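Open the model in your viewer and keep the selection panel at hand. We will go from one stop to the next, choosing a few residues each time.

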Amino acid sequence: MNLQELMELDRRCVAQTYSRLPVALVEGKGALVRDINGREYIDCIAGIAVLNLGHAHPRVLAALQQQAAKLMHVSNLYYTLPQAELAGMLCRLSGGYMSFFCNSGTEAVEAAIKLVRKHTGRREIVAAENSFHGRTLGSLSATGQEEYRRAFEPLVPGFRHVEYGSVEALRRAVGRDTAAVILEPIQGEGGVVVPPEGYLQEVRELCDRRDVLLVLDEVQTGIGRCGSLFAWQGFGVEPDVFTLAKALGGGFPIGAMLARPEVMRSFERGDHASTFGGNPLACSVAKAVLEVVEEERLAERAEELGEYLMGRLRELQEKHGVIKEVRGRGLLVGVELSTDCSRVVLAGLEQGLLLNCVHGRVLRFAPPLVIEREQLSLVCERLDRILEGLDD
Ligand SMILES: Cc1ncc(COP(=O)(O)O)c(C=O)c1O
């Protein structure tokens, strides 16, 4: 099948909910991927912050193959070694949190919503404007972007949205019926928005004073991407509950909602469940991912390479007036342009780059954490060429 035939089949048979680029990817290794025509690209988005270990990492493949041959699925009616071991690892790495496993980011947020309501007996959740927490109705209700919500109302009641970055706005919104505040440590889908210095600490203090839970949605920021295993560790703010998905499985679907034990213990038998959640295959792969992130110090690597990438991008900013701002943390980096960035993404394909555009004007870089410095250098050289073309 060639690309045209594939696109036609997709158009006829797949729900048309995605705006896809005209490229079909067939294989990858590290930070490189190849398309159906044999053309190679440097992957600057890693499946949207999923492939932190890059494509086809040998340890991920080994875990997948070995566990698949042993036991793929048995249901949560039984204990399995991989699930308990993964929970044990996450408990050690987070400093004591308990895990509930699911299959995606949106499910992790759903679990968090149920848990905070059950734990506090209160109904309201305060979230941020411009946030993104997922597409199912609970997490969509937490999501603070009208364009995703509009067609699906009525949503779940009890959600309020306030300006991200303003403690004062939160202070006004938190009331007697507030169960929790939910925030992304950095807003990813919202355009890589880094909160003002000290914001998360002040939110933590506010939550403590008002006896409200703090939920941090780490679906995009977690697993080393922002320079620490969980972004909250880098910000020095301990949440009561946090969510993981995306990079936890290194490309295999898994999600997790983690909570301090005294909060998680409010979930009793039968309160929540998932058929596939925490299945042996997903958990074996996630364990391998965490081992590699730890052994190869990928969080530190993300921090170093992030500094390098942002430095190079700021040099481009000096040169190209179209770049308004470069911001980010670790290898989650946003380049805000003064123009629509979809043209840049298309030109990226021509230059052998998989680029990503969020919020219309922000190029979001979330490459594999194993990417080489030389590859990042190439990315910047090619971006330079693309922006030169734009300037004409
Ligand atoms: C912060 C955050 N939460 C939740 C989600 C939803 O995750 P999923 O697409 O796995 O449901 C995303 C996805 O981009 C996200 O960035």
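Start with two helices: select residues 280-295 for H12, and 58-70 for H3. H3 and H12 are roughly antiparallel to each other, because the angle of about 155 degrees between them is over the 145 that marks this class. Their axes are 9 Å apart, and the crossing is right-handed. To see the contact, show side chains on both helices: H3 brings Arg59, Val60, Ala63, Leu64, Gln67 and Ala68, while H12 offers a list including Pro280, Leu281, Ser284, Val285, Ala288 and Val292. Keep in mind throughout that this is a predicted model.

**Histidine 57**

Next, step back to histidine 57, in the loop between helix H2 (46-49) and H3. Is this residue buried or exposed? Its relative accessible area is 11%, so histidine 57 is buried. Try a distance label here: a polar atom of the histidine 57 side chain lies 3.1 Å from the backbone nitrogen of arginine 59. Beyond four places in sequence, histidine 57 touches Val292 and Glu296. Val292 is also one of the H12 residues in the contact with H3.

**Isoleucine 223**

Now select isoleucine 223, which sits in the loop between S8 and helix H10 (231-235). With 1% relative accessibility, isoleucine 223 counts as buried. Which residues does isoleucine 223 touch, leaving out those up to four places away in sequence? They are Asn52, Leu229, Phe230, Leu244, Ala247, Leu248, Val289, Leu290, Val293 and Leu369. For a long-range pair, add glutamate 294: 71 residues separate it from isoleucine 223 in sequence, yet the C-alpha atoms are 9.6 Å apart.

**The seven-stranded sheet**

Switch to a cartoon view and follow the open sheet of seven strands in the order S4-S10-S9-S8-S7-S5-S6, where the pairing is mixed. Strand S4 (98-102) and strand S6 (159-162) are the edges; each has a single partner strand, so one side of each lacks a neighbour in the sheet. From one strand to the next, the twist averages 20 degrees. Then colour helix H5 (residues 105-120), which lies across S4, S5, S6, S7, S8, S9 and S10 and runs at about 165 degrees to S9.

Zoom in on S7 (residues 178-183) and S8 (residues 213-217), which run parallel and are joined by four bridges. Pick alanine 180 in S7: it stands opposite leucine 213 in S8. At 0% relative accessibility, alanine 180 is counted as buried. Apart from neighbours within four places in sequence, its contacts are Val116, Glu124, Ile125, Val126, Val212, Leu213 and Val215. Aspartate 211 is 31 residues from alanine 180 along the chain, with 8.9 Å between their C-alpha atoms.

**The four-stranded sheet**

For the last stop, find the open sheet with strand order S11-S12-S15-S14 and antiparallel pairing. Which strands stand at the edges? They are S11 (323-329) and S14 (357-358), each with a single partner strand, so one side of each has no neighbour in the sheet. Inside the order, S12 (residues 332-337) and S15 (residues 362-365) pair over four bridges in the antiparallel sense. Label glycine 334 and arginine 364 of S15 to mark one pair of bridge partners. Finish by showing helix H13 (residues 298-319), which packs on this sheet, touches S11, S12 and S15, and makes about 175 degrees with the direction of S11.

Technical notes: Residues numbered from 1 in each chain as written. Predicted model: local features only at pLDDT ≥ 70, side-chain atom pairs only at ≥ 80, totals over all residues. Heavy atoms only, no water. Pairing = 2+ DSSP bridges. Axes fitted to C-alpha atoms, helices over the stretch in contact; angles between N-to-C directions. Contact = heavy atoms within 4.5 Å. Buried < 20%, exposed > 50% of the residue type's maximum accessible area, 1.4 Å probe, protein only. Polar contact = N/O pair within 3.5 Å; in protein donor to acceptor, adjacent residues only side chain to side chain. Parallel < 35°, antiparallel > 145°, perpendicular 65-115°, else oblique. Left-handed = near helix turned anticlockwise from the far one by under 90°.
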